[in-house]
Amino acid sequence: MAGRTVRRTRSGESLSHDRTFLRRGRSALAGVLLAAVLAGCGTASGDTGIAVPTFPAEQSGAAQAGREPIPIALPTDCVQLMDPEQAGALFGQVLGSVSVQSVRGVPEASVNRTERTACTYRAGGQAQAFGGARNSGPVLFQLNIGRYGDTASATRQWQLNTNAERGSATASRDITVGSVPGVLVERPDETTLALVYGVDTLTFILPVAAPGQTRSAAETLPDLAQRIIPALTPTQPPSARPTPAAPPTAPAPQAGTGAAGNARGTT
């Protein structure tokens, strides 16, 4: 405390001048020491010049664990293309009741096909979803994907396949899904959508009796394609990689049931 320091006795009299001076000297020294301590504390906690702690790059990268580069190859698991729960929502199925089966095909050198993946999405009750009969329910839709050595080979095979599909169709027409060319082929028991996208050909097959099917095939198949195509973009070689299209907003789930249909198609 600044100024004159006075300590009073029990009788109310002040201390002598010499003793008062000695007290003042001690108080001044204590004040200097206290100011130094406080100044030191202020520097430690408020100096903006103190460097912010940093961490090695490998520790920073640990926060992004699991975000490894996407392989330049077709996914071996169809869940990477569309989660069964998303498929179930699109077809109005009970949560956890849709399963997907993935089958890897073999290359075909004669047409420059390097890979093939087939996906079958099925509906069913909870017992089918979590029991041994997981892949025995009615088919929601099927997808066959063929990957080729270059875009020219993919386009050529797509044209051959769609010409063959048109031959046995009750109706067919050219359509575009975003900027992706396709052919919609209708038959009494199913509708097929064949697309060519970069180095991939995609064939979607929708049974007429697909459970929960409340929209027309002409609406459902392009909607499915727009959701799956973006997942294929980063798996294609950079030199042949098309511009990805944003997937559409998921529609409100629709409840429904139905019997399985026969699926076919070429890719």
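Residues 24 or more positions apart account for 62% of the chain's contacts with a separation of 6 or more, where a contact means heavy atoms within 4.5 Å. Let's work through what that looks like in this predicted model, in which local features need pLDDT of at least 70, side-chain atom pairs count only at pLDDT 80 or more, and totals for chains, interfaces and linings use all residues. Residues are numbered from 1 along each chain as its sequence is written, and side-chain values use heavy atoms, with hydrogens and water left out.

**Exercise 1. Lay out the secondary structure of the chain.**

Step 1. Count the elements: there are six helices and seven strands. Helices (H or I, at least four residues) and strands (E, at least two) are DSSP runs, numbered from the N terminus.

Step 2. Put them in order. From the N terminus on, the chain reads α-α-α-β-β-α-β-α-β-β-β-β-α.

Step 3. Add burial: 36% of the 267 residues count as buried. Buried stands for under 20% relative accessible area, exposed for over 50%, and partly exposed for in between (1.4 Å probe, protein chains only).

**Exercise 2. Find the largest nonpolar core and the elements that build it.**

Step 1. Use the criterion: a nonpolar core is a set of buried Ala, Val, Leu, Ile, Met, Phe, Trp, Tyr and Cys residues joined through side-chain atoms within 4.5 Å. The largest such set has 34 residues, and those with the most contacts inside it are Tyr-121, Phe-141, Leu-143, Leu-193, Leu-195, Leu-202 and Phe-204.

Step 2. Trace the contributors. At least two core residues come from each of H3 (84–90), S2 (113–122), S3 (139–148), S4 (171–177), S5 (180–186), S6 (190–197), S7 (200–207) and H6 (217–232). H6 gives the most, with seven residues.

Step 3. Set the second core apart: this separate group of seven residues includes Tyr-148, Trp-158, Val-183 and Val-185.

Step 4. Zoom in on Leu-202. Leaving aside residues up to four places away in sequence, Leu-202 touches Leu-143, Asn-144, Ile-145, Leu-193, Ala-194, Leu-195, Tyr-197, Ile-229 and Leu-232.

**Exercise 3. Describe helix H6 and its surroundings.**

Step 1. Check the length. H6 has 16 residues and spans 22 Å from its first C-alpha to its last, close to the expected 22 Å; the expected span is 1.5 Å times one less than the number of residues.

Step 2. Look at its cover: twelve of the 16 residues are buried. Among them are Leu-221, Pro-222, Leu-224 and Ile-228.

Step 3. Name the partners. The buried residues of H6 pack against H3, S3, S4, S5, S6 and S7.

**Exercise 4. Work out how Arg-215, Asp-223 and Arg-227 are linked.**

Step 1. Apply the test for a salt bridge: a side-chain nitrogen of Lys or Arg within 4 Å of a carboxyl oxygen of Asp or Glu. The structure holds seven of them.

Step 2. Take the two pairs in turn. Asp-223 meets Arg-215 at 3.5 Å, N to O, and Arg-227 at 3.0 Å. Together, the three residues form a network of salt bridges.

Step 3. Consider spacing. Arg-227 and Asp-223 are four residues apart in H6, so about one helical turn separates them. An α-helix has 3.6 residues a turn, so residues three or four places apart point the same way.

Step 4. Compare accessibility: Asp-223 is buried at 9% and Arg-227 at 7%, while Arg-215 is partly exposed at 26%.

**Exercise 5. Identify two links between parts of the chain that are distant in sequence.**

Step 1. Start with Glu-165 and Arg-187, whose side chains meet in a salt bridge (2.5 Å, N to O). Glu-165 sits in helix H5 (residues 151–167) and Arg-187 in the loop between S5 and S6, 22 residues apart. Glu-165 is buried at 6%, and Arg-187 is buried at 9%.

Step 2. Turn to the one disulfide in the structure, a disulfide being a pair of cysteine sulfur atoms within 2.5 Å. The sulfur atoms of Cys-78 and Cys-119 are 1.9 Å apart.

Step 3. Locate the ends. Cys-78 lies in the loop between H2 (57–62) and H3 and Cys-119 in S2, so the pair ties together parts 41 residues apart in sequence.

Step 4. Finish with geometry and burial. The torsion about the S-S bond is about -85°, so the disulfide is left-handed. Cys-78 has a relative accessible area of 0%, and Cys-119 is buried at 1%.
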